[in-house]
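User: Please take a close look at one part of this model, the nonpolar core. I would like a connected account rather than a list.

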Amino acid sequence: MDTSLVSDDPSNSRFVLTVGDALVGILAYEVAPDSDTVVLQHTVVKEEFGDHGWAAVLVRGALDILRIGDLSIWPQCSYVRRFIGANIEYLAMVADQAPAGSVTAASPPSSTTTGAWSLAPFPLRS
């Protein structure tokens, strides 16, 4: 069985998921200026790897890397918001407000909206 690896690619502002030698997906991010908040922008899994849970592997790995660095996050990506809603152990990482200059489509999950985020009809792949 091939092993999966999530790694940070800071020169391209993205986390990368590889399985064996294959690039499976990326999670694009931006480090907010003058802040310890990372805006998680967009999760993409290659179509040929879709519907096998790789997006969750990618997001979990990225969040674990960011947690080790003691960084907060702003989940701009709808898949990341949904993932956090279903995996509330990451909820404490979410910043209290959007970093200055970031564009957000929706507010991140909170302790009062967790159920709504986990049940939202977002696709498993973005």
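Analyst: Helices and strands are named here as DSSP runs, with at least four residues for a helix (H or I) and at least two for a strand (E), numbered from the N terminus. The model is predicted.

The largest nonpolar core has 27 residues, and those with the most contacts inside it are Phe-15, Leu-27, Leu-40, Leu-63, Ile-73 and Ile-84. Two or more residues each are given to this core by β2 (14–19), β3 (22–31), β4 (37–45), α1 (54–68) and α2 (78–86). Helix α1 supplies the largest share, 7 residues.

Phe-15 belongs to strand β2. Its relative accessibility is 1%, so Phe-15 counts as buried, the limit being under 20%. Leaving aside residues up to four places away in sequence, Phe-15 touches residues including Val-6, Asp-8, Ile-26, Leu-27, Leu-40, Leu-58 and Leu-66. Its C-alpha atom is 5.5 Å from that of Ile-26, although 11 residues separate the two along the chain.

With the same sequence neighbours left out, the contacts of Leu-40 include Phe-15, Leu-27, Leu-63, Ile-73, Trp-74 and Val-80.

Two loop residues can be set beside this core. Ser-13 sits in the loop between β1 (4–9) and β2; its phi is near 50°, a positive value in a non-glycine residue, and at 31% relative accessible area Ser-13 is partly exposed. Asp-51, in the loop between β4 and α1, also has a positive phi, near 65°, without being glycine. With a relative accessible area of 59%, Asp-51 is exposed.

Terms used:
Residues are numbered from 1 along each chain as its sequence is written. This is a predicted model: local features need pLDDT of at least 70, side-chain atom pairs count only at pLDDT 80 or more; totals for chains, interfaces and linings use all residues. Side-chain values use heavy atoms; hydrogens and water are left out. A nonpolar core is a set of buried Ala, Val, Leu, Ile, Met, Phe, Trp, Tyr and Cys residues joined through side-chain atoms within 4.5 Å. Buried means under 20% relative accessible area, exposed over 50%, partly exposed in between (1.4 Å probe, protein chains only). Contact means heavy atoms within 4.5 Å.
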